[in-house]
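Colleague: Could you take one part of this model and walk me through it closely? I'd like the metal site, and then whatever helps me place it in the rest of the chain.

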Amino acid sequence: MITLPDHLEVHDDRFLSLVHPMSQLDQIATGFTWTEGPVWFGDHQCLIFSDIPSQRLMRWSEAEGLTTFRHPSGFNNGNTRDHLGRLIGCRHGARDVVRTEMNGSLTVLADSFDGKRLNSPNDVVVSRDGAIWFTDPTYGIISNFEGYRAAPEQETRNVYRIAPTGELTAVVRDFAQPNGLCFSPDENTLYIAESGSSHDAAVPAVIRKFAVEGATLTDLGAFATIDRGLPDGIRCDTSGNLWSSAADGVHCFAPDGTLLGKILVPEVVSNLAFGGPDGRRLHITATTSVYRVFVDAFGAEPWTRPSVNG
Ligand code: MG
């Protein structure tokens with residue numbers, strides 16, 4: 001009988017091949033207000049993440065520890081990278097999606113739809129064709145805590161796609177509050193977290209599944225339900241398992257939606273990012289802190305793996 005550390009909770013034996021009994025949950029940074037948006041830069045061996053209310057983008061590396069990457073960040077929330085490695089971020093303050101160019105300048109990619117301002121872009125992913133997909137709930141304009149209080153101009157809280165041509169389209173319009181999103185490794189499936197239970201308990205805390213065909217999504221229903229809190233950031237590994245944030249930690253689901261196990265974290269988790277020197281680390285943003293844990297899995301996003309980043 002293997003004795004597992006306290007931070008691992010096994011629901012299905014398949015989870016044992018994705019974690020290790022000697023692994024430790026390391027708190028690599030703390031003292032923040034609400035951490036989010038972790039993204040791994042293998043070419044710099046560092047993690048970028050957001051502390052939304054303090055308007056900071058932070059940089060952490062094993063060699064140099066913690067430094068401020070950008071302040072003020074415009075209440076930057078979710079982050080990802082495009083296929084040239086550029087940082088793509090969602091800002092609550094300007095209510096836009098921006099790209100950081102190699103010279104450090106910012107290019108606004110989207111800030112309005114149908115002639116009206118976006119709500120407060122939350123999280124973002126890039127598909128292989130170069131399209132940028134992001135969610136637009138209202139968390140950044142509900143109060144002045146992580147943005148500026150304002151009445152929404154959009155009638156719905158949409159999921160959007162920015163085509164490589166720059167054209168913006170709403171691809172899903174029936175979420176209460178769309179939040180984290182990620183593609184399956186083959187990008188035939190897009191998973192999107194429904195976090196609307198934060199303000200309406202009647203909204204199920206589910207991760208929804210959509211079939212992807214070019215720019216078109218087909219609703220395949222609920223993929224999984226989060227049994228503690230709600231789903232925020234989500235990521236797939238190369239085997240198609242989905243790792244989701246939750247109130248008690250990170251929940252890992254098989255591609256068929258079975259809960260395989262949990263990594264229990266002592267603070268409410270907002271998001272996660274694969275990466276690390278060998279690609280087998282999960283970086284977890286959780287309320288005031290960032291944690292890191294070994295997992296025997298690689299992120300589906302190719303730039304999180306050392307074979308791509310060298
Ligand atoms: Mg989020």
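Modeller: Asp232 counts as buried, at 9% relative accessibility; buried means under 20% relative accessible area, exposed over 50%, and partly exposed in between, with a 1.4 Å probe and protein chains only. Keep in mind that this is a predicted model, where local features need pLDDT of at least 70 and side-chain atom pairs count only at pLDDT 80 or more, while totals for chains, interfaces and linings use all residues. Residues are numbered from 1 along each chain as its sequence is written, and side-chain values use heavy atoms, with hydrogens and water left out.

Asp232 gives an OD donor to the magnesium ion, and the other protein donors are Glu36 (OE), Asn122 (OD1) and Asn179 (OD1), lying 2.2 to 2.7 Å from the ion. Donors here are N, O and S atoms within 2.8 Å of the metal (3.2 Å for Na, K and Ca), and because water is not among the atoms, sites may look incomplete. Written along the sequence, the donor spacing is E-x85-N-x56-N-x52-D. Glu36 sits in strand 3 (residues 35–41) and Asp232 in the loop between strand 20 (216–225) and strand 21 (234–236), so this pair ties together parts that are 196 residues apart in sequence. Helices (H or I, at least four residues) and strands (E, at least two) are DSSP runs, numbered from the N terminus. Glu36 is buried too, with a relative accessible area of 1%.

Now step along from strand 3. Gln45 lies in the loop between strand 3 and strand 4 (46–51). Its phi is near 50 degrees, a positive value in a residue other than glycine, and Gln45 is partly exposed at 33% relative accessible area. Another backbone oddity worth a look is the cis peptide bond that joins His71 and Pro72, with omega about 0 degrees; Pro72 has its place in the loop between strand 6 (65–70) and strand 7 (76–81).

His283 is a good residue to click on next. You'll find His283 in strand 26 (residues 281–286), and it counts as buried at 0% relative accessibility. Leaving aside neighbours within four places in sequence, the contacts of His283 include Pro38, Trp40, Leu47 and Tyr291, where contact means heavy atoms within 4.5 Å. By contrast, Asp114 is 169 residues from His283 along the chain, and their C-alpha atoms are separated by 37 Å. Just past strand 26, Thr287 is in the loop between strand 26 and strand 27 (289–294); Thr287 has a positive phi of about 55 degrees although it is not a glycine.

For an exposed spot, try Ala151, at 59% relative accessibility. Ala151 is in the loop between helix 1 (139–142) and strand 15 (157–162), and touches Arg95 and Ile141, not counting residues up to four places away in sequence.

Zooming out, the chain has two helices and 27 strands. The radius of gyration is 18 Å, close to the 19 Å that the globule rule gives for 310 residues, so the chain is as compact as a globular protein of that length; the radius is taken over C-alpha atoms, and the rule is 2.2 Å times the number of residues to the power 0.38. Of the 310 residues, 58% count as buried.
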